[in-house]
Amino acid sequence: MGLSLEESLRLTVAALMQATGESQRVLAAVLGLTQTQVSRRQSGATSWTLRDVDVLAEYYEIAALDLLAGPTRACETLPAARRRNAGAGKGVPR
């Protein structure tokens with residue numbers, strides 16, 4: 001049996017945080033939540049809302065359906081400039 005949409009979204013958010021090097025505190029500020037509220041969403045204690053999905057998709061510059069399609073699709077569509085190592089090899093200090 002596959003993952004539920006809720007589980008997939010939690011994995012997707014974690015993958016995007018890893019890819020961008022961002023913390024729950026950063027996402028909390030973007031969403032207008034506390035870090036604890038983001039943590040509860042990521043642990044499954046509270047569900048992500050459709051509003052959260054819309055805000056996260058806009059923040060990560062990907063389509064909401066790509067965000068909901070799972071971590072692989074979301075990370076594939078994440079703009080290169082948003083990636084943690086976007087400046088690597090281009091003379092930009094890390």
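This section describes the surroundings of A28, the salt bridges of D52 and the contacts of R82 in a predicted model.

A28 is placed in helix α2, which spans residues 24-31. The relative accessibility of A28 is 4%, and the residue therefore counts as buried, the cut-off being under 20%. When neighbours within four places in sequence are set aside, the residues in contact with A28 are L33, T34, Q35 and V38. A further separation was computed between A28 and S39, which are 11 residues apart along the chain; their C-alpha atoms lie 9.1 Å from each other.

Salt bridges were then examined, and the structure contains 6 of them. One of these pairs D52 with R41, with a distance of 2.8 Å between the closest N and O atoms. D52 belongs to helix α4 (residues 50-60) and R41 to helix α3 (residues 35-43), so this pair ties together parts that are 11 residues apart in sequence. D52 and R41 are both buried. The side chain of D52 also meets that of R51 in a salt bridge, at 3.6 Å from N to O. The burial states of D52 and R51 can be assigned from their accessibilities. D52 has a relative accessible area of 2% and is therefore buried, whereas R51, at 47% relative accessibility, counts as partly exposed. The value for R51 falls in between the limits of 20% and 50% that separate buried from exposed residues.

R82 is located in the segment after α6 (71-77). Its relative accessible area is 15%, so R82 is buried. With neighbours within four places in sequence left aside, R82 is in contact with A19, T20, E22, Y59, Y60 and E61. Two of these residues, E22 and E61, also appear in the side-chain pairings of R82. Between the side chains of R82 and E22 there is a polar contact of 3.0 Å. The side chains of R82 and E61 form a salt bridge, with an N to O distance of 4.0 Å. This second pair links distant parts of the chain, since R82 is in the segment after α6 and E61 is in the loop between α4 and α5 (64-68), 21 residues apart. Through salt bridges that share partners, E22, E61 and R82 are joined into one network.

Notes:
Residues numbered from 1 in each chain as written. Predicted model: local features only at pLDDT ≥ 70, side-chain atom pairs only at ≥ 80, totals over all residues. Heavy atoms only, no water. Helix = DSSP H or I, 4+ residues; strand = E, 2+ residues; numbered from the N terminus. Buried < 20%, exposed > 50% of the residue type's maximum accessible area, 1.4 Å probe, protein only. Contact = heavy atoms within 4.5 Å. Polar contact = N/O pair within 3.5 Å; in protein donor to acceptor, adjacent residues only side chain to side chain.
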